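The following paragraphs go through a structure, starting at its metal sites and moving on to its packing. Please keep the sequence and the model open while reading.

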Amino acid sequence: MLTIGTHMSIAKGLAKTAENVVWMGANTMQIFSRNPRGSNYKVYSKQEIEAFQKIRKENSFGALLAHAPYTMNLASGQERVYEFACTVIREDIARMDEIGMENLVFHPGSHTGIGIERGIENIIRGLDQAIMGKEKITVLLETMTGKGTEVGARFEELKAIRDGVKHPERIGICLDTCHVFAAGYDIVNDLEGVIKEFDRVLGIELLKAVHLNDSMMPFASHKDRHAAIGEGVIGMEALLAVMRHPLLKELPFYLETPLDDQGHKEEIRMLKEELGRKI
Ligand code: FE
Ligand code: FE
Ligand code: ZN
């Protein structure tokens, strides 16, 4: 079974969003765990959560993904920024676990000058105060482009974070096709080599989700600009090869392409047709 969905707005509530997933011909979704640029979040009523669970069950949704806010920087050396990030990740792991999301992904962060090692130490400490070890949810580190002082553009950095935490069994990886390509992993000409490298450094079993995006920026540019599938420099064939790969094809795929709901619906239809697969 193919598991595919897009990043969805939850402005109209969880249940309505799940209905929208069905309308889109999808069977999973990514949502923000809270306002992506602020700090506030909605408290969902019991009825809302139950209605949402019912729809996902009736439609056999695959693993669901929550995305932590962009303003959260666990690698920061600035106390206020860091404390805020620690609070957000702690609250959102608990909140998203409680509503039954399988995974929560976050950007490891930017060290903003304190150096990659200290940035990684901060991330590890931040995760340790947030993960109790009894959660069902898995926390995913996203592969990044490496713009500025961003941590997580190299598989080795993600490995160092996972190895450093008290509960590595709760940590997995989300591979973003746009980000890895811009980071210098050539999924266009050497997908097999990139997967081998991932497996060598991290272990392929840690890969829990794929962000499926084309890239507006060239290979190894360290710039993060998503394009619709087939409209960027990665291209349709290379992205289909990712989705067809025997080690990746059963993973959940999440589109984060710059399209509206109607555009995403069409993109999903086109991918299913190209792959000859159903949800
Ligand atoms: Fe992301
Ligand atoms: Fe992403
Ligand atoms: Zn991105």
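Donors are N, O and S atoms within 2.8 Å of the metal (3.2 Å for Na, K and Ca), and sites may look incomplete because water is not among the atoms. This is a predicted model, in which local features need pLDDT of at least 70 and side-chain atom pairs count only at pLDDT 80 or more, while totals for chains, interfaces and linings use all residues. Residues are numbered from 1 along each chain as its sequence is written, chains are lettered from A and ligands numbered from 1 in the order in which they are written, and side-chain values use heavy atoms, with hydrogens and water left out.

The iron ion (ligand 2) has as its protein donors E142 (OE), D176 (OD), H211 (ND1) and E256 (OE), at 2.0 to 2.2 Å. Along the chain these donors follow the spacing E-x33-D-x34-H-x44-E. Four donors count as tetrahedral if all angles lie between 85 and 135 degrees; four count as square planar and six as octahedral if opposite donors are over 155 degrees apart and all others between 65 and 115; anything else is irregular. The four donor atoms around the iron ion (ligand 2) subtend angles of 86 to 175°, so the arrangement is irregular. D176 lies in strand 6 (residues 171-176) and E256 in the loop between strand 10 (252-255) and helix 9 (261-275), so this pair ties together parts that are 80 residues apart in sequence. Helices (H or I, at least four residues) and strands (E, at least two) are DSSP runs, numbered from the N terminus. Both D176 and E256 are buried, where buried means under 20% relative accessible area, exposed over 50%, and partly exposed in between (1.4 Å probe, protein chains only).

E142 also serves a second metal: E142 bridges the iron ion (ligand 2) and the iron ion (ligand 1), which lie 3.2 Å apart. The zinc ion (ligand 3) is separated from the iron ion (ligand 1) by 5.3 Å. Which residues hold the zinc ion (ligand 3)? Its coordination comes from H179 (NE2), two OD entries of D224, and H226 (NE2), at 1.9 to 2.6 Å. The spacing of these donors along the chain is H-x44-D-x1-H. Around the zinc ion (ligand 3) the four donor atoms subtend angles of 51 to 139°, which makes this arrangement irregular. H179 in helix 6 (residues 177-183) and D224 in the loop between strand 8 (214-215) and strand 9 (226-227) link distant parts of the chain, 45 residues apart. H179 counts as buried because its relative accessibility is 1%, whereas D224, at 24%, counts as partly exposed.

The packing comes next. A nonpolar core is a set of buried Ala, Val, Leu, Ile, Met, Phe, Trp, Tyr and Cys residues joined through side-chain atoms within 4.5 Å. In the largest such core, of 83 residues, L74, I89, M101, F106, L127 and L271 touch the most other members. Helix 3 (residues 79-98) contributes the largest share of this core, seven residues. A second, separate core has six residues, including L65, V105, L140 and C174. In soluble globular proteins, nonpolar side chains tend to be buried together.

V139, in strand 5 (residues 138-142), counts as buried because its relative accessibility is 1%. Contact means heavy atoms within 4.5 Å; leaving out residues up to four places away in sequence, V139 touches I93, L104, F106, L127, I131, R170, I171 and G172.

Helix 7 (residues 191-201) has L191, V194, I195, F198 and V201 as its buried residues. They cover an arc of only 135° around the axis, so they are on the same side of helix 7; the arc is that of the directions from the helix axis to the C-beta atoms. K196 and R200 are exposed on the other side of helix 7. The buried residues of helix 7 pack against helix 5 (155-164), strand 6, strand 7 (207-212) and helix 8 (236-244). After helix 7 comes G203, with a positive phi near 100°.

Finally, the cysteines. A disulfide is a pair of cysteine sulfur atoms within 2.5 Å, and a search of the whole structure finds zero of them. The sulfur of C174 is 12 Å from the closest cysteine sulfur, in C178, which is too far for a bond. C174 is buried, at 0% relative accessibility, and C86 is buried with a relative accessible area of 5%.
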